[in-house]
Amino acid sequence: MTIQAMTAQEVTMKVFNKEELFIVDVRNESDFKDWKIEGENFEHINTPYFELLDGVEEMIKEIPTHKEVLVVCAKEGSSVMVAEMLSDYGVDVFYLKGGMKAWSEHIEPVKVGDLDDGGEMYQFVRVGKGCLSYMVVSDGEAAVIDATRMTDIYLDFAISKGAKITNVFDTHLHADHISGGRTIAEKTGAAYWLPPKDATEVTFDYSPLEDGHDVVIGNTTISIAALYSPGHTIGSTSFVVGNKFLLSGDILFIDSIGRPDLAGMAEDWVGDLRETLYERYRQLSEELIVLPAHFMIIDELNEDGSVSERLGTLFTNNHGLRIENETEFRHLVTENLPPQPHAFQEIREVNMGKISPDLEQQREMEIGPNRCAVR
Amino acid sequence: MESFNVLDAKGLACPMPIVKTKKAIGEMETGQVLEIHTTDKGAKSDLSAWAKSGGHELVKHEEDNGVFTFWIKKG
């Protein structure tokens, strides 16, 4: 029977469209437990490829005949081998092109809304890792926020919109993924804005982003207003774009809130996190649409694959915003935290410009989920 | 450590390092040690998991300049 490649983009569309898929993950058990391809109607079995070298006879009875079957491994090679073995048993089967490495890197741009005067807001969904970045396009100019290291997608997207990238922002010093902000700024001549309190150790020049600072994109005055909102990191800054969107960085997510421990300062920053979520954000309009820098679970995706919600709705539905008792809040964000992101210390050092690993090492560092949230 | 056999799997991508390891181990006697050289980073966790599930023992491993060396004792 036939073997075909399925691309990370095709899998992404199945996630967005809530299609069915039967995934045969042939990575080792610990990698599978740590991180896998999630979709509302995806089913998984996990048998490491090295246990299938003598044949797939044992496994064949578990494979459904009425669903598409996708074999997945770390890089691709083993999934092709297993797909061939399954195919010998008469199964039509796909393998994931580029493996989990490609899955981690795939990014899908989704339009989240219009701004006044013709501006547009796009969200770049990195489905495999749960990272979200943004582009504001207005009148031939563009701003990029929380870019990933896959910088071509932003550069090409801006060109396709006939816009020049003039400003690049990071809401904070990221610990879960390598920022593409500096590279984009270098390639386009754009200003690279960082919150100075997160940038004390960086080895390059940047434009300091401070509370109340306003950057205008295009002639149509789409303003990007910085709002100091510490808690995930000491410098964490949110943006209110065009009085319509709240880019909340790693402070507030749809179904969770930011964790304060990734720079080793959980006890010190928990008060800041509480003040940001329970005081600073409460002063904003409840009509703002929250656009976070991550999602943690696939349920947080909207119908079109985007991740967004009204601030007022989050005040009602997000558990992390409804903890009256301060001690209880402190417990939630400092105890029983999920494991920290893979290689997060090294990733912070890359983002500070202290180390410059090659592409292969960068990929390796970023493998796995983002884990920036607590629920 | 005295190795019965040395397997050069450098430059090979997954699944080949394990496919070759399995074959080499299959031709050895219980208690003999196979030394494997690979440049595939993923081989580390996979080889240890494979050895464990097959009843073999990963005696030692080293990394030097991008080359991973494993010593597996046949169980």
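How much area do chain B and chain A bury between them? In this predicted model, the two chains bury about 1000 Å² between them, and carbon and sulfur atoms account for 60% of that area. Three residues of chain B stand out here: Cys14(B), Pro15(B) and Lys22(B) supply 37% of the area that chain B buries against chain A, more than any other three residues. Counted by residues, the contact brings together 12 residues of chain B and 12 residues of chain A.

It helps to look next at the charged and polar pairs of this interface. Two salt bridges are counted between chain B and chain A. A salt bridge joins the side chains of Lys22(B) and Asp54(A), with a distance of 2.8 Å from N to O. Lys22(B) thus appears twice in this picture, once in that salt bridge and once among the three residues named above for their share of the buried area. Across the interface of chain B and chain A there are also five residue pairs in polar contact, with both residues at pLDDT 80 or more.

Which elements of chain B give two or more residues to the side that touches chain A? They are α1 (16–26) and α2 (43–53) of chain B. The largest share of this side comes from α2(B), which contributes five residues. Sorted by class, the side of chain B that touches chain A holds six nonpolar residues, two polar ones and four charged ones.

A second interface lies inside chain A itself, which is divided into domain 1 (4–102) and domain 2 (107–366). The C-alpha centres of these two domains of chain A are 32 Å apart. Their contact takes 11 residues from domain 1 of chain A and 12 residues from domain 2 of chain A. Between them the two domains of chain A bury about 920 Å², with 61% of this area on carbon and sulfur atoms.

How many salt bridges are counted between domain 1 of chain A and domain 2 of chain A? The count is one. Glu360(A) and Lys101(A) form a salt bridge in which the closest N and O atoms are 2.5 Å apart. Polar contacts across this domain interface of chain A number three residue pairs, both residues being at pLDDT 80 or more. On the side of domain 1 of chain A that touches domain 2 of chain A, helix α1 (residues 8–16) of chain A gives the most, with five residues. That side of domain 1 of chain A divides into four nonpolar, three polar and four charged residues.

Conventions: Residues are numbered from 1 along each chain as its sequence is written. Chains are lettered from A and ligands numbered from 1 in the order in which they are written. This is a predicted model: local features need pLDDT of at least 70, side-chain atom pairs count only at pLDDT 80 or more; totals for chains, interfaces and linings use all residues. Side-chain values use heavy atoms; hydrogens and water are left out. Contact means heavy atoms within 4.5 Å. Buried area is the accessible area (1.4 Å probe) that two parts lose on being put together, summed over both. A salt bridge is a side-chain nitrogen of Lys or Arg within 4 Å of a carboxyl oxygen of Asp or Glu. A polar contact is a pair of N or O atoms within 3.5 Å; within protein, one must be able to donate a hydrogen and the other to accept it, and residues adjacent in sequence count only if both atoms are side-chain atoms. Helices (H or I, at least four residues) and strands (E, at least two) are DSSP runs, numbered from the N terminus. Ala, Val, Leu, Ile, Met, Phe, Trp, Tyr, Cys and Pro count as nonpolar, Asp, Glu, Lys and Arg as charged, and the others, Gly among them, as polar. Domain bounds come from an automatic or database domain assignment.
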